[in-house]
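Grab a pencil and open the 3D view. Below are a few exercises, each with a worked solution.

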Amino acid sequence: MSGNFDTSAAWRVEDLVRDQSWVFTIEDSARKELAKTAKKAFDSARSLFDYSKDDFDLGPGFDTIAAAAREAYFGRGLTLVKGLPRNGMSEEEFQLMIWAVGLHLGVARPQGRASQYISEVRAAGMNYRSAGGRGYNSNAGLDFHCDGCDLVALACYNKAKRGGQSRVSSSVSAWQTLLLERPDLAEVAQHNFYFSRNQEEAPDEAPYYAQPLFDFEDGRLFGKWNRNRVRTGQEIEGVPKLTATQQECTDLLDEILRRRNLMCTMWLEPGDLQFINNHVMLHSRTTFKDYDEPDRKRLLFRLWIAPPDSVRLPRSWVDYFRSIAPGTVRGGIRGHKHDEICKAFEMRQAKRMGMPAPLS
């Protein structure tokens with residue numbers, strides 16, 4: 001058990017302030033080219049699955065985006081791209097542009113009960129704390145958690161009237177701190193905790209799965225945490241009850257993640273694109289209040305991506321990700337509507353990206 005990892009993902013807030021090379025900017029000419037490409041390709045009669053990466057020449061703007069995605073996955077774990085076209089873009093055109101970015105980066109993964117491959121992050125009355133609750137459809141403040149994929153891309157179309165601040169902490173730095181302060185609890189964190197699937201499980205999946213909070217593979221640390229899913233998991237028959245030591249471990253972990261020297265906070269502005277590597281970062285959001293006007297309400301578009309150059313995952317990750325082999329189509333929430341159309345899209349996209357066929 002080691003706390004020292006030679007990775008730039010083990011940052012403190014002062015590191016991000018001192019060196020802001022994790023923030024990327026798209027130039028004006030590249031921004032206009034992205035907008036022109038998305039507008040030209042947009043066809044309201046076509047579904048997102050009907051598009052391929054060959055439909056979009058994203059120009060030099062994509063070079064900036066791809067560099068940010070690489071830095072997020074192999075470097076700091078967190079990057080921010082500023083300057084995506086927003087003014088003059090409809091919601092549908094902006095969504096298509098983000099989808100096009102995903103088509104060039106890897107294979108999009110489904111994200112919920114409806115098996116959606118891109119999520120509209122907006123307040124839609126969801127109760128985050130319910131047994132089937134999801135935070136992206138609520139205006140609630142969220143627990144620190146990681147999403148169910150290798151790389152997440154979150155693009156801002158509208159910001160809230162008040163609140164909705166993004167918060168990110170390095171799970172690598174949190175592990176180092178936990179190991180230093182309470183090595184006994186660091187040992188606990190390497191054993192299984194039980195996570196609910198929040199009623200989104202596919203027919204061949206159990207309603208919960210087991211996974212340690214921290215595990216290791218090929219000299220890399222991998223983190224996993226979602227208090228809300230562990231809490232709802234406690235309500236499922238067959239899930240072992242949390243011990244007092246496990247509760248102490250998770251309470252301390254949450255406290256560490258919120259420390260001022262470890263928690264990076266940022267406001268996502270319209271046209272911002274945030275990348276997060278879910279294996280080395282944990283993220284949350286503050287509660288928010290929307291505008292009254294429908295066209296001004298907070299709206300972000302979220303992609304979960306399996307990139308072709310992904311690394312091997314720990315064996316303990318296989319129950320959720322289904323594949324731990326590098327460069328495979330893995331992760332996501334297949335949900336209740338993962339049909340032959342979804343499978344055909346994944347097969348086509350994997351082939352275009354030079355990746356093995358997804359597991360059936």
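Before we start, "contact" here means heavy atoms within 4.5 Å. The model is predicted, so to speak of local features we need pLDDT of at least 70, side-chain atom pairs count only at pLDDT 80 or more, and totals for chains, interfaces and linings use all residues. Residues are numbered from 1 along each chain as its sequence is written, and side-chain values use heavy atoms, with hydrogens and water left out.

**Exercise 1.** Find which residues Lys-39 is in contact with, leaving aside its neighbours within four places in sequence.

*Solution.* Start by placing Lys-39: it is found in helix α2. (Helices, H or I with at least four residues, and strands, E with at least two, are DSSP runs numbered from the N terminus.) Next, look for its partners: they are Gly-88, Met-89 and Glu-93. Finally, check accessibility: Lys-39 is partly exposed, with a relative accessible area of 36%. (Buried means under 20%, exposed over 50%, partly exposed in between, using a 1.4 Å probe and protein chains only.)

**Exercise 2.** Work out whether the end-to-end distance of helix α3 (residues 59-74) agrees with its expected span.

*Solution.* The expected span is 1.5 Å times one less than the number of residues. With 16 residues, α3 should span 22 Å. Its end C-alpha atoms are 23 Å apart, which agrees.

Now for the buried residues of α3: among them are Phe-62, Ile-65, Ala-66 and Ala-69. Looking down the helix axis, the buried residues fall within an arc of 160°, so they line one face of α3. (The arc is that of the directions from the axis to the C-beta atoms.)

**Exercise 3.** Describe how α3 meets α4.

*Solution.* First, the geometry: the two axes come within 11 Å and cross at roughly 60°. (Axes are lines fitted to C-alpha atoms, for helices over the stretch in contact, and angles run from 0 to 180 degrees between N-to-C directions.) Then the residues: Phe-62, Ile-65, Ala-66 and Ala-69 in α3 meet Val-101, His-104 and Leu-105 in α4.

**Exercise 4.** Decide whether Ser-284 is buried or exposed.

*Solution.* Ser-284 sits in strand β14 (residues 281-285). Its relative accessible area is 6%, so Ser-284 is buried. Not counting residues up to four places away in sequence, Ser-284 touches six partners you can click on: Leu-142, Asp-143, Phe-144, Gln-165, Ser-166 and Arg-167.
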